[in-house]
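User: I should like to learn how to read a protein structure feature by feature. Could we begin with a single residue and work outwards from there?

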Amino acid sequence: MAKFVFPVTSINDLKENYDLIVVGSGAAGMTAAIQAQELGLHVAIFEKLNALGGNSNRASTGMNATETLVQLANHVIDDQDSFYEDTWQGGGKTNDKELLSYFVTHSESALHWLENHDIHLTDLTATGGMSQKRAHRPDNKSAVGSYLVKGLQKQLVTKKIPLFSETTAIKIMKQDGWVIGLKIGNREIGERIIATKAVLIATGGFSQNKTMLKEYAPELLQLKTTNHPGATGDGMKLAVAAGATLVDMHKIQVHPTVQQDTNHVYLIGEGVRGEGAILVNQAGQRFVNEMTTRDKVTAAIDNLQEDGATLVFDQGIRDAFPAINFYDAVGLVMTAENLTDLAKKAHLDIEKLSATVAKWNDSQLTGIDVDFGRETAMARRLALPPYYAIHIKPAIHYTMGGIRINKLTEALNETGDKVGGLYAAGEVAGGLHGDNRIGGNSIAEAVIFGRQAGKQVAKYIDEMDK
């Protein structure tokens with residue numbers, strides 16, 4: 001196996017102009033840069049941190065896509081209408097319909113595009129709110145995020161697309177209403193204006209920005225967040241200063257299953273429930289359909305008023321979701337050879353936990369969850385020791401709001417007109433998810449709209465040069 005080459009470019013190799021400048025080194029930004037370069041553009045990526053990949057690195061479960069060969073190989077018969085309806089219902093029917101339509105009709109081609117770039121998502125799992133298994137992940141069932149990021153970074157190296165780290169985007173330069181450059185800052189060269197015909201903002205959300213949280217969702221200020229340190233809303237501010245507007249900024253997702261008992265915050269991936277885990281309260285009893293949407297699971301946990309809840313699963317589920325091995329390695333997992341000992345370790349009611357698991361196993365056999373109506377992720381019983389538990393609490397995870405865009409990823413102003421030469425993709429853009437994002441849709445959004453941005457910028461520049 002070839003040694004991985006880190007894709008950072010020396011600032012001394014910075015050019016005076018590029019066709020397209022991408023701000024942000026996550027999945028959306030890299031996908032856009034690769035697609036644009038393949039269409040003949042001279043592209044550069046700027047990242048403010050020395051760590052690359054943004055929140056894309058932290059995605060664990062999968063990339064939603066429909067009508068794929070992977071689904072058919074797993075006997076999953078799916079369609080775009082169902083994908084649309086699940087996302088529409090999950091978003092409280094407030095999703096931007098134009099963005100949602102484009103999203104569900106381009107997921108299959110996005111997956112094929114990844115395949116053609118040596119990024120193979122050939123295994124399936126389930127996510128909450130989805131009626132079918134749509135979350136595509138690597139064949140070894142590992143976390144999708146780090147695998148995708150490394151795969152895209154390899155493409156940057158192969159295609160010689162420059163990526164400048166520790167370089168801040170300060171201001172988008174315009175002339176007669178059109179983007180003509182980007183002012184950047186770098187400690188080695190100071191501030192400099194780089195000429196460009198288009199700028200794509202792909203900087204992620206603002207879950208780490210307390211000031212913005214206080215403005216848009218003050219009720220969430222006391223919560224911790226799963227986000228990486230760079231998720232501070234810089235790209236949104238950059239876009240607004242250039243004439244764009246924001247939408248849905250008060251819509252912020254709280255992820256229900258986050259381990260917070262150590263000095264660090266660890267997202268416990270939805271795939272744990274997607275492979276069959278159950279959630280119990282301190283009495284050892286289920287209290288919610290674990291595979292409903294994240295907002296509903298979070299609300300159910302909050303309503304317990306018990307400082308969170310506990311995920312319970314067995315070795316079969318652990319084998320199906322290898323990220324649990326990491327959770328165990330960093331001390332988040334309680335282990336026991338039987339449910340009695342597990343209940344003692346997790347401070348749960350012993351008799352009720354045993355009864356809960358027995359009833360769940362009966363539900364699994366019949367395929368009918370009488371108590372909570374769970375219909376997905378019921379392929380496994382909790383019957384293969386050892387048994388495991390993880391204590392979880394909700395935490396801020398994703399900001400659904402952001403830069404207003406159309407299906408062409410063009411940034412829009414308050415009157416709905418495009419800001420010439422300015423584009424946005426990924427979490428930094430608002431509207432697609434409505435009130436609540438479905439697990440597996442963020443990676444899909446990054447690739448689908450990242451590709452779209454690369455294509456549309458190429459078309460824009462081609463028309464401009466005629």
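Analyst: Let us begin with one residue and its surroundings. Leaving aside neighbours within four places in sequence, Thr125 is in contact with Thr61, Lys133, Arg134, Ala135, Arg137, Gly271, Gly274 and Glu275. Please keep in mind that this is a predicted model.

User: Where is Thr125 found, and is Thr125 buried or exposed?

Analyst: Thr125 is found in strand β4. Its relative accessible area is 0%. Buried means under 20%, so Thr125 counts as buried.

User: With which side chain does the side chain of Thr125 make a polar contact?

Analyst: The partner is the side chain of Glu275, at 2.6 Å. Glu275 also appears among the residues in contact with Thr125.

User: How should I read the sheet to which β4 belongs?

Analyst: One reads the order of the strands and then the sense of their pairing. Here 3 strands form an open sheet in the order β3-β5-β4, with antiparallel pairing. The edges are taken by β3 (63-64) and β4; each has a single partner strand, so one side of each lacks a neighbour in the sheet. Between β4 and β5 the antiparallel pairing runs over 3 bridges. Within this sheet, Thr125 stands opposite Ala135 in β5.

User: What is the general idea behind a salt bridge?

Analyst: Side chains of opposite charge can pair when their charged atoms come close. In this structure, a search of the whole finds 22 salt bridges. One of them joins the side chains of Arg134 and Asp78, at 2.6 Å from N to O. Arg134 lies in the loop between β4 (123-125) and β5 (135-137), and Asp78 in the loop between α2 (69-73) and α3 (80-90), so the pair ties together parts that are 56 residues apart in sequence.

User: Are Arg134 and Asp78 buried or exposed?

Analyst: Arg134 is buried, with a relative accessible area of 0%. Asp78 is buried as well, with a value of 11%.

User: What does the salt bridge between Arg187 and Glu166 look like?

Analyst: Their side chains meet at 3.6 Å, N to O. Arg187 lies in the loop between β8 (178-186) and β9 (190-201), while Glu166 lies in the loop between β6 (163-164) and β7 (167-175); the pair therefore ties together parts that are 21 residues apart in sequence. Arg187 counts as exposed, at 70% relative accessibility, whereas Glu166 is partly exposed, at 32%.

User: Where do the partners Glu270 and Arg294 lie in the chain?

Analyst: The side chains of Glu270 and Arg294 meet in a salt bridge of 2.5 Å, N to O. Glu270 is in the loop between β12 (266-267) and α9 (271-274), and Arg294 is in helix α10 (residues 294-304); this pair links distant parts of the chain, 24 residues apart. Both Glu270 and Arg294 are buried. Elsewhere, salt bridges that share partners join Asp123, Arg137, Lys141, Glu275 and Arg380 into one network.

User: Which residues make the nonpolar surface patch of about 370 Å²?

Analyst: The patch is made by Leu69, Leu72 and Ile77. Leu72 is found in helix α2. At 52% relative accessibility, Leu72 counts as exposed, because the term applies over 50%.

Conventions: Residues numbered from 1 in each chain as written. Predicted model: local features only at pLDDT ≥ 70, side-chain atom pairs only at ≥ 80, totals over all residues. Heavy atoms only, no water. Salt bridge = Lys/Arg side-chain N within 4 Å of Asp/Glu carboxyl O. Helix = DSSP H or I, 4+ residues; strand = E, 2+ residues; numbered from the N terminus. Buried < 20%, exposed > 50% of the residue type's maximum accessible area, 1.4 Å probe, protein only. Pairing = 2+ DSSP bridges. Patch = residues over 30% accessible without salt bridge, like charges linked within 9 Å, V, L, I, M, F, W, Y side chains within 5 Å. Areas by Shrake-Rupley, 256 points an atom, 1.4 Å probe, with all protein chains shown as cover. Polar contact = N/O pair within 3.5 Å; in protein donor to acceptor, adjacent residues only side chain to side chain. Contact = heavy atoms within 4.5 Å.
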